[in-house]
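Student: I should like to understand how the terms used for a structure follow from the values behind them. May we work through one example together?

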Amino acid sequence: MNRFPRRALAAGIVAACVGAPASAAAPVAVAIDAVHPGPVISKYVYGQFAEHLGTGIYGGLWVGPGSAIPNTRGWRNDVVGALKALHVPLVRWPGGCFADQYHWRDGIGPRARRPVRINTNWGGVDETNAVGTDEFFDLVGQLGADAYVNGNLGSGTAREMSEWMEYMTAAGNSSLARLRARNGHPAPYKVAFFGIGNEAWGCGGNMRPEQYADAYRRFATFVHPGAGNDTRFIAAGGHDDDTSWTDYLSQHVYGWGVRADGISFHYYTSPGPDKNGKYGATGFDESRWIQTLSQTRRMEDFIANNVARLDAHDPQKKLMFAVDEWGTWYDAEEGSKPGFLQQQNTLRDALVAALNFNIFHAHADRVRMTSIAQMVNVLQAMIRTDGGKMVLTPTYHVFRMYVPFQDAVSVPLKLANNPPYTFGGVTIPAVSASAARGKDGRLYLALVNANPRETADVDVGVGGAGASAASGTVLTAAAMDAHNTFAAPRAVAPAPFAARAAHGRLVLHLPAKSVAVVALHE
Ligand code: AHR
């Protein structure tokens, strides 16, 4: 049966379905080896991070049960509804830097009686503690996601951390289990991941790896998830090109009764070349475009270098490499509140997301969890809000397009004849690709064309049977900094994308500056 969607073609699909390439250059060859599948791409690679930072939670997600903005027990219906379409597998909370200043007892019980603290990390604003543990678990329940709770090692105590885990996960008759029941939740919560501190090298306490490893072992000794809770423990690792944390921690986070399942890693993309070179999220030229994409591609080397350290000390691959903060970080939007890390999100961010996904997939055996920074209104967000208004960003659309890769089996591929894309002295490969066999049995191919001026013709070969057609969606726009606004919410939105084999060849005409995800018809 020919499953090629004729209706979509008639409606003006973006791609053509001819065997002959549209551009003069020889096509990029993608050879997919469907016969030799690789490791599973964990759904947790598509995790998201929600911190008590700016309007990331308050206003963006949480409006409170009394709000005129439609909500369910305080959580916005519009935002939660949109996020559900992404099948968000995991939400990391409450920080970030905020995690190491957070004391969980501040956030339980009647909201009117909770203490007001100062969020010293992010703008010095009042932290009302209206969102605490029970509200967070309500959010993940509404989303159908798992919880990644980040504990406070920097300013907390081992006892406090231990009691938080007991409050969340203990069944039975302990005082903390009964306290949770009195707060409305008799059944223990599931804590899928638990972080022991965050960025210990900086806001988490300015420690050396040696100090942190000692502290990790001491704290982790006392944190006992309740029966049936298979919590994975994440040690707070390094960042950027520094592999010393992974190297040291992978040898020293073990001890009697101490569990470690992963080491975290943070890398933020700015046009660069260093952290001061953030520049604007919009209104940039091609040199900032290519610099950003080139900087984000460094994730490949960072992962490979850290994985080499893990392979040296943990050849059985017990430890995952958890990239639990990643995404773009630009200059804050003009007029936004200091410390709120508010930035626009453009087509460039969509390509950044897709390039990172393709890199994570290539390291699926180690990179078994990540969380993008952040979910709503902060840094590279899925969603932006303003009062009761909401808009989906280009990054949201890429997350949605990549849903079939969650828990899919990675499939190796080789790229040949991939032209360099060069501008202003920076060169990167024009095309990036990733393939996987989805849970529905279909073979998916994701493609990125980084060149903002030239179409890339991609000749797709599937080892063995071949592919007769491809259908899916593509994300592109006329301008490099195209973005969605409350007034024009679909300026950047996915469009149908398809191709059919002709003369034994399946050629996809990938538009300039685009991301495409297609199912291949074998
Ligand atoms: O995501 C914003 C901040 O970036 C996080 O709180 C911190 O961990 C990192 O430095």
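Student: Why is the disulfide of cysteine 97 and cysteine 203 called left-handed?
Tutor: In this predicted model, the torsion about the S-S bond of the two cysteines is about -85 degrees, so the disulfide is left-handed.

Student: What makes cysteine 97 and cysteine 203 a disulfide?
Tutor: Their sulfur atoms are 2.2 Å apart. The cut-off is a pair of cysteine sulfur atoms within 2.5 Å, so the pair counts as a disulfide. A search of the whole structure finds one disulfide.

Student: Which parts of the chain does the pair link?
Tutor: The pair links distant parts of the chain, 106 residues apart. Cysteine 97 is in the loop between β6 (90–93) and β7 (117–119), and cysteine 203 is in the loop between β10 (191–196) and α6 (209–221).

Student: What makes the approach of tyrosine 268 to the ligand a polar contact?
Tutor: A polar side-chain atom of tyrosine 268 lies 2.7 Å from an oxygen atom of the ligand. A polar contact requires N or O atoms within 3.5 Å, so this pair qualifies. Cysteine 97 also takes part, with a backbone N or O atom 2.8 Å from a ligand oxygen atom. For glutamine 374, an N or O atom of the side chain is 3.0 Å from an oxygen atom of the ligand.

Student: How much of the ligand's accessible area does the protein cover?
Tutor: Of the 280 Å² that the ligand has on its own, the protein covers 94%.

Note on methods: Residues numbered from 1 in each chain as written. Predicted model: local features only at pLDDT ≥ 70, side-chain atom pairs only at ≥ 80, totals over all residues. Heavy atoms only, no water. Polar contact = N/O pair within 3.5 Å; in protein donor to acceptor, adjacent residues only side chain to side chain. Areas by Shrake-Rupley, 256 points an atom, 1.4 Å probe, with all protein chains shown as cover. Helix = DSSP H or I, 4+ residues; strand = E, 2+ residues; numbered from the N terminus.
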